[in-house]
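Colleague: Could you take me closely through one part of this model, namely a sheet and the helices that pack on it? I would like the strand order, the edges and the helix contacts in one connected account.

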Amino acid sequence: LGLALYTGSLCLVSGATFLYHDYCVIGAGPAGLQVAYFLQQAGRDYIVFERSHAPGSFFALYPRHRKLISINKQYTGKSNSEFNLRHDWNSLLSHDRRLLFRHYSRDFFPNADTMVHYLEDFASLLKLQVQYNTAIIHVTLEKNEQAWNGHYFLLTDQDRKNYKCSSLLVAAGTWVPNVVNFPGSEYVEGYETVSTNPEDFTGQTVLILGRGNSAFETAENILGVTNFIHMVSRSRVRLSWATHYVGDLRAINNGLLDTYQLKSLDGLLEGDLEDLAIVKDKKGKLHITLRFYLENRNISTGIDSITLPQDELDNFATRAPYDRVIRCLGWKFDFSIYNRSLRMMPGKGNIKKYPQIKPSYESRGTRGLFVLGTASHSVDFRKSAGGFIHGFRYTTRAVHRLLENRHHGVPWPSTVYPITQLTNSIIKRVNEASGLYQMFSVLADIILLRENATAFEYLEEYPIGILAELEMQTGRKARSGLFVIIMEYGRNFSGADKDVFYYNRAVGEAQHAWQSNFLHPVIYYYKRLPTEREMRLHHPDWPLPRPDAIHHIVEDFLTDWTAPNAHILPLRRFLENCLSTDLRNFFAESCFLFAFTHQKQPPFCQQGYVRMQGLVGSQELWHHAVQAGLLQDYTHRDFSDDRRPGSHDGSQEPLIRDHGIPVRPLQHLVNAKDE
């Protein structure tokens, strides 16, 4: 049988034999392993190709100085696993509690070798289908109307073995070093090969090209042994605490900023690297000049015949010669293995290092080709965490759900609740959900209202960039309006030039919630799905088109949005205004009175009291409600008799109690009163 299955999976095309799988995944890094886990859990036919002998080969080399900048917070004061993932930036998603990164390291900033070990365990313990030592060197298309997407993907490895798949998931990351070519660039050492031994830099003068975390990481390593370090880049330094983007400079690496601003010889400069030139003198020193000084001159004739900037401007900033120049300019996606038929094109501007993809993470040029992990960061570059494990573990899950619906008819997971649970459902998610928290302004929870707003359907962590396609992408219907719940920072609170520590930076009053600066939940209400045109033309500073109504839950210092008056009550009233219904919870006595005095009862009474659902009251609750003015004391109540229903002693008073009429629990009493 095994032989028959193997033979059945071989395809003969143009004389070549292809091993077929429904899904092919390129790369066994974190994103590749994450999507492999979801495919395996769904019972799909897949294979992961990894060029190295083990998963996570990028982390075997990078970062060069081995300290990760992804936090590993051991303690949060909470036992909720979903909440704790908000502060665990290294774990992948799985059902196996052993595969939480905190079991592998107690360091707040772990060692990269630990990440390699973790990924090895993730692949082996979950028995993921990874084919190691397989470097895919060419990918092309074969048109076929019978294929899922109208074509098959044909892959070739370094041994000229061929593979065929219906859907291609690229999780190869960005690993090709960014290189700037200018006169003298051959004297530049790359971050990927430069020595990590500080003693090799003792007494030297160093110039670093670049201003990201790899540049500052390199500087931090040699800060105490060099004469001085200069750092030059096209853009000014961007601090992550000011931009709220985890890919910008982190505090763990910014020692050079201290020595620069406290006048200890080190410094930062701005300039276009393509305008530079490097000239080497007879002593091996490297001199920085400008490209236009070398026009019509032969650099090999020696430095004496070349005009240097200090010859005209004697206080030129980089007039001192350098012993070493190090390039730390990051990485880019490898486009070389993809045939032109796939139309894998680089992005434009500051996202040119990434392939062009849609907000669904599908290639703009080829249907059925999805880009996952770091290489998919063009969707939210410099906005959210999609280029990092704690972000793309959720976008990868979203892509898998899109594929399940498209190819296997499995709708996006959802849960249906009665409308009385609307406020509670939102409050629960904004206080726990890690995907919303990490992928703010990118992933959203969607609430689809049922007819007459008697119930709703809850979908978690859907990409808001394809909101207009929700019905097609999820298999769910949005006929009666919807709410979109996302997390946002304040409009003018993030940026390299922002002072994020100014006085009165926090908003504490609910009526000013729309001015909140820190990350906080925002609820958009639409009477209908936005159109593709509305999505395309919405204001660039807004994550979504103009809604019919919008509500900001005021920011909270503890990121705990459970305050009855500041958080829950304003939210409930917003929802009531949108739905034109009463979402309060009531005591049984109130529902009893409504039944005799109103033609229509509130949803809580219709869906709870009338159906004999709820909690039995107590003397303490009763007295509290009467004293707080939440109930009128129509009759004397005695809860001391704890007999079973039906054991009447002839009095009329036990009538309601004996039938188990629900009474609202104490912690929700604040919503029972119409303020």
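Modeller: What follows is a description of one sheet, its edges and the helices on it. This is a predicted model, in which local features need pLDDT of at least 70 and side-chain atom pairs count only at pLDDT 80 or more, while totals for chains, interfaces and linings use all residues. Residues are numbered from 1 along each chain as its sequence is written, and side-chain values use heavy atoms, with hydrogens and water left out.

The sheet is open and consists of six strands in the order E18-E20-E19-E21-E22-E23, with antiparallel pairing; strands (E, at least two residues) and helices (H or I, at least four) are DSSP runs numbered from the N terminus, and two strands pair if DSSP finds at least two bridges between them. At the edges stand strand E18 (414–418) and strand E23 (549–552), each of which pairs on one side only. Direction ignored, neighbouring strands of this sheet are turned against each other by 20 degrees on average, where axes are lines fitted to C-alpha atoms, for helices over the stretch in contact, and angles run from 0 to 180 degrees between N-to-C directions.

At the E23 edge, strand E22 (residues 520–526) runs antiparallel to E23 and is joined to it by four bridges; Tyr525 has Ala549 in E23 as its bridge partner. Helix H10 (residues 389–408) packs on the sheet by touching strand E19 (443–449) and strand E20 (455–463), and its direction makes about 120 degrees with that of E20; contact here means heavy atoms within 4.5 Å. Helix H15 also packs on the sheet, touching E19, strand E21 (482–488), E22 and E23, with a direction that makes about 175 degrees with that of E23.

H15 (residues 564–579) has a helix partner as well: its axis and that of helix H11 (residues 422–432) come within 10 Å and cross at roughly 130 degrees. The two helices are therefore oblique to each other, given that angles under 35 degrees count as roughly parallel, over 145 as roughly antiparallel, 65 to 115 as roughly perpendicular and the rest as oblique. On the H11 side, the contact is made by Leu422, Thr423, Ile426 and Ile427, and on the H15 side by Ile568, Leu571, Arg572, Leu575 and Leu579. By class, this contact has seven nonpolar residues, one polar and one charged, with Ala, Val, Leu, Ile, Met, Phe, Trp, Tyr, Cys and Pro counted as nonpolar, Asp, Glu, Lys and Arg as charged, and the others, Gly among them, as polar.
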